[in-house]
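Open the structure in your viewer and keep the selection tool at hand. The tour below goes from stop to stop, saying what to select and what is there.

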Amino acid sequence: MQIFDWVVVAIYFMGLVAIVHWSSKQISSTSDYFLAGRHASWFVIGASLFASNIGSEHIVGLAGNGASSGMAMAHWELHAWVMLLLAWVFVPFYYRSGVFTMPEFLERRFDSRTRWVLSIVSLLAYVFTKVSVTVYAGALVFMSLLPDTFGTPENAFWVGAFVTVVLTGVYTVFGGLRAVLYTEVAQTVVLLLGSFFITWFGLRELGGWGELQATASASKAEFALWRPLVQEGVPWWKNGDFPWLGILIASPVIGIWYWCTDQYIVQRTLASKDLTEARRGAIFGGFLKVWPVMIFLIPGMIGWALHQKGSISIPTRSSGEIDGDQVFATMVTGLLPIGLRGLVVAGLMSALMSSLASLFNSCATLFTIDIYEKLRPGKTEKHYVYIGRLATVAVVIAGLIWIPIMKAMAGGGIYKYLQGVQSYLAPPITAVFLLGLFWRRVNATGAFWGLIIGFVLGMGKLTVEAVTTSLEVQSGIWKDIADFNFLYYSGVLLLISVAIVVALSLLTESPGEEKTNGITWGGLSTEDRLAIRNSWTATDVVASLAVLGMVIGVYLYFSFWLS
């Protein structure tokens, strides 16, 4: 990084400070702080959905997986079709219910127990995944860009982790969701530009798209989009090379949980001016979501190809394999000219800060609205905003404490670690929301125990993996459990959760009409259906079909480009 690079970064952050200062002046209630006053337009919502999702773990981790395993992770980045489910299936119920949070919605549908469970599970999930992974990814870049500035690369890692957390926490604490939304609009533009230039300069150095195809074709097995069910000499249930059946099982489960039920994402649509804007924001977010394969994953493959040709040198792990998580930083320092390098680093900081800011605000909302307000009702609006800010600080500290453990478990890349943990958290939540919306017979007892048992089984698998990794266990029953493919385990956990919800619901009393009318498909009145119908036009349908067509096109192209 040269002086001019830092000037570019400084100018960018001055713009962020101006937005945060303006946003802080607009806060007078919990609605302003947690939902930006419910005045956001579709463009702001769509950009915010994209920027919230695309954090430093995408730029660093997805590029790393592109370098180490090719197109295997593309399936998780083609969830634009799931965002259409959010727009057309889930948003009408969420928005019309007038809730602040997803746990609050579950209380409306079931009871207060399910609200408590989802609130606690969501907060823990944020610690295990979003906080720790996002900060870790950002700190890796600090370690690569400024390895000797703080004495050692390890010192640079931890300084980077704490600096980014503090900076993001400050602007989230003072600006609330309004600051998050409007800074993310600017960050989306910078993020797309920076990633485009990485791809452009990488392909130019490599010799063009055809050269990448030729290089990847020589390693067809490693770079194929669809992988075989069985690896030679490895039991099918231990196959860690993303078997195609496991992908088809786990990817939709994680996608529906993340895009359609997670507070971190859905909160953006709840901040819209009306149902029409909420739906269009989700559709626009789906359009943006198609692009990460090209601007994050493909650059990782380009970096791998450049490493093979000797154009750049990517650091290696102790096993001798390239360290995929170092690919992005290596390409920034090795390919980009002065000034543009600063812009791309600003883009990375944008991704890091937008994801963390969204997360911090969601954590504050979950704890304040779903836990603290239930325990201490009747307090002033100012008091609840203050508690939300304290909750943000607590989640950040917990995430930092988990980072050393996560580092040990992320040997296959941070993005793979992220999807693995989400595979253990998503199934019970996905099961409860889908069954709760589409089947009126599901009751609070089934939902509560489905969430509890599913969460215990998921956390049990994660605990076994953490313990066997830290103790370096090489064999035995616990090692077999730890090695059971996370994709298949996600499917097993979904089936168990569905069975528990259905069985216990049928064995206990049916829910009353007040728990299903207006918030399940079967409980919609004629007036409800008319209001939902009047909230969309042919333009929304055409835009949705266009997004779906883009997803299908990407799948078709990358399913056959190596053949």
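Which residues are linked with E107 in a network of salt bridges? They are R115 and K374. Before selecting them, note that this is a predicted model.

**The whole chain**

Start with everything shown, in a cartoon view. The secondary structure comes to 23 helices and zero strands. The chain has 563 residues, and buried residues make up 60% of them. The outside of the chain exposes about 20800 Å², with carbon and sulfur atoms supplying 67% of that area. Now consider contacts between residues with a separation of 6 or more: residues 24 or more positions apart account for 84% of these.

**First stop: the salt-bridge network**

Select E107, R115 and K374, the three residues of the network. Then look at K374 and E107 as a pair: they form a salt bridge in which the closest N and O atoms are 2.9 Å apart. The pair links distant parts of the chain, with K374 in helix α16 (residues 340-375) and E107 in helix α6 (residues 102-109), 267 residues apart. Are the two residues buried or exposed? K374 has a relative accessible area of 36%, so K374 is partly exposed. E107, at 16% relative accessibility, counts as buried, because the cut-off for buried is under 20%.

**Second stop: two more salt bridges**

The structure holds eight salt bridges. Select D480 and K238 for another of them; their side chains meet at 3.4 Å, N to O. This pair, too, links distant parts of the chain. D480 is in helix α20 (residues 477-483), while K238 is in the loop between α10 (220-223) and α11 (244-261), and 242 residues separate the two. D480 is partly exposed, with a relative accessible area of 29%, and K238 is also partly exposed, at 28%.

Stay in helix α20 and select D483 and K479. These residues form a salt bridge as well, with the closest N and O atoms 3.6 Å apart. Why are D483 and K479 separated by about one helical turn? Because they are four residues apart in helix α20. D483 counts as partly exposed at 26% relative accessibility, and K479 is partly exposed at 21%.

**Third stop: the nonpolar core**

Select M71 and M301. The largest nonpolar core has 159 residues, and of these M71 and M301 touch the most other members. Helix α7 (residues 112-145) provides the largest share of this core, 17 residues. To see what surrounds M301, leave aside its neighbours within four places in sequence: M301 is then in contact with G66, A67, G70, M71, L212, A216, F223 and W561.

**Fourth stop: helix α21**

Helix α21 covers residues 486-507, and V492 is one of its residues. With a relative accessible area of 37%, V492 is partly exposed. Add A250 to the selection: V492 and A250 are 242 residues apart in sequence, yet 9.7 Å apart in space, C-alpha to C-alpha.

Move along to S505, also in helix α21. Is S505 buried or exposed? It counts as buried, because its relative accessibility is 0%. A polar atom of the S505 side chain lies 2.7 Å from the backbone oxygen of V501. Beyond four places in sequence, S505 is in contact with R441, V442, N443 and G446.

**Fifth stop: a buried loop residue**

Next, select T520, in the loop between α21 and α22 (526-533). T520 counts as buried, at 0% relative accessibility. A polar atom of its side chain lies 3.0 Å from the backbone nitrogen of G523. Not counting residues up to four places away in sequence, T520 touches F93, R109, G436, L437 and R440.

**Last stop: a nonpolar surface patch**

Switch to a surface view and select V541, L545, L548, I552, L556 and F560. Together these residues make a nonpolar surface patch of about 550 Å². F560 is in helix α23 (residues 538-560). F560 has a relative accessible area of 54% and is therefore exposed; the cut-off for exposed is over 50%.

Technical notes: Residues are numbered from 1 along each chain as its sequence is written. This is a predicted model: local features need pLDDT of at least 70, side-chain atom pairs count only at pLDDT 80 or more; totals for chains, interfaces and linings use all residues. Side-chain values use heavy atoms; hydrogens and water are left out. Patches are made of residues with over 30% relative accessible area and no salt bridge: like charges are joined within 9 Å, nonpolar side chains (Val, Leu, Ile, Met, Phe, Trp, Tyr) within 5 Å. Accessible areas come from the Shrake-Rupley method with a 1.4 Å probe; for residues, only the protein chains shown count as cover. A salt bridge is a side-chain nitrogen of Lys or Arg within 4 Å of a carboxyl oxygen of Asp or Glu. Buried means under 20% relative accessible area, exposed over 50%, partly exposed in between (1.4 Å probe, protein chains only). A nonpolar core is a set of buried Ala, Val, Leu, Ile, Met, Phe, Trp, Tyr and Cys residues joined through side-chain atoms within 4.5 Å. Contact means heavy atoms within 4.5 Å. A polar contact is a pair of N or O atoms within 3.5 Å; within protein, one must be able to donate a hydrogen and the other to accept it, and residues adjacent in sequence count only if both atoms are side-chain atoms.
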